[in-house]
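Visitor: Could you take me on a close look at one part of this model, where helices cross each other? I am new to this, so please go slowly.

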Amino acid sequence: MKLSFNRDELERLESLLPESAKSLVLILGYAATARLISRFGGVTLSAKTGLAKERSGGVHSMLRDVLNDDELKKLIDYLGGDQFYIPRCEVAFRKLRDARFVAAIAENLDKGLSTRQAMARLCPEFNISDRQGWKLIHQYNADSSNHQQNLF
């Protein structure tokens with residue numbers, strides 16, 4: 001399962017982003033940065049003008065698939081001809097995956113599946129072990145009960 005961020009998720013998880021991703025947010029905004037990280041996270045690219053395709057390997061055209069002209073210009077203006085690494089944002093992606101997993105478990109329970117059935121269905125889909133799945137469910141339940149206690 002390939003995860004991707006949307007604008008709101010990236011903004012909500014900003015505190016978990018590496019500094020390089022936060023810099024991209026300042027330059028491009030949340031929406032464009034979310035698209036860039038989702039597509040190219042973990043890859044070193046060049047934002048050169050695209051005039052020398054034989055040297056850039058067509059990376060500029062790949063960036064055009066993700067960024068509009070204004071966003072691409074901002075990126076090139078910021079980086080010049082330097083290469084740049086698009087961070088993977090693993091901590092934020094893990095947090096997002098875990099939240100989506102717990103929500104999917106709850107959705108399956110609402111549809112009448114048992115927790116074990118939901119785990120058997122969703123753990124492979126989310127690429128996690130059932131042990132990790134149980135840990136996430138218990139952690140979510142503990143967090144929820146602590147939150148409830150703090151309300152009173």
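**How the helices cross**

Guide: Let's start with a pair of helices: α3 and α5 cross in a right-handed way. Please keep in mind that this is a predicted model. Helix α3 covers residues 30-40 and helix α5 covers residues 59-66. Their axes come within 9 Å, and the angle between them is roughly 130 degrees. An angle over 145 degrees would count as roughly antiparallel, and 65 to 115 as roughly perpendicular, so an angle outside those ranges and not under 35 is called oblique. α3 and α5 are therefore oblique to each other.

Now zoom in on the side where they touch. From α3 come R35, L36, R39 and F40, and from α5 come M62, L63, D65 and V66. Sorted by class, the contact of α3 with α5 holds five nonpolar residues, three charged ones and no polar residue.

With that pair in mind, turn to another one. Helix α2 (residues 19-28) packs with helix α6 (residues 69-79) at an angle of about 125 degrees, and their axes are 9 Å apart. That angle makes α2 oblique to α6. The crossing of α2 past α6 is right-handed. Here S23, L24, I27 and L28 of α2 meet E71, K74, L75 and Y78 of α6. By class, the contact of α2 with α6 has five nonpolar residues, two charged and one polar.

Helices can also border open space, and the second largest pocket is a good place to see that. About 330 Å³ of space lies in this pocket. It is lined by 13 residues, and K95, D98, A99, V102 and D143 are the closest to its centre. Three helices, α1 (7-12), α7 (90-110) and α9 (130-150), each supply at least two residues of the lining. The largest share comes from α7, with six residues. The lining of the second largest pocket divides into six nonpolar, six charged and one polar residue.

One last stop is a single residue, R121, which lies in helix α8 (residues 115-126). Leaving aside residues up to four places away in sequence, R121 touches N108 and L113. You can also look from R121 across to I105: the two are 16 residues apart along the chain, and their C-alpha atoms are separated by 9.3 Å.

Methods. Residues numbered from 1 in each chain as written. Predicted model: local features only at pLDDT ≥ 70, side-chain atom pairs only at ≥ 80, totals over all residues. Heavy atoms only, no water. Axes fitted to C-alpha atoms, helices over the stretch in contact; angles between N-to-C directions. Helix = DSSP H or I, 4+ residues; strand = E, 2+ residues; numbered from the N terminus. Left-handed = near helix turned anticlockwise from the far one by under 90°. Contact = heavy atoms within 4.5 Å. Nonpolar A, V, L, I, M, F, W, Y, C, P; charged D, E, K, R; others polar. 1 Å grid on protein atoms, 1.4 Å probe; cavity = no way out; pocket = protein on both sides within 12 Å on 5 of 7 lines; lining within 4 Å. Points joined across faces, edges and corners; volume = space filled by probe spheres on them.
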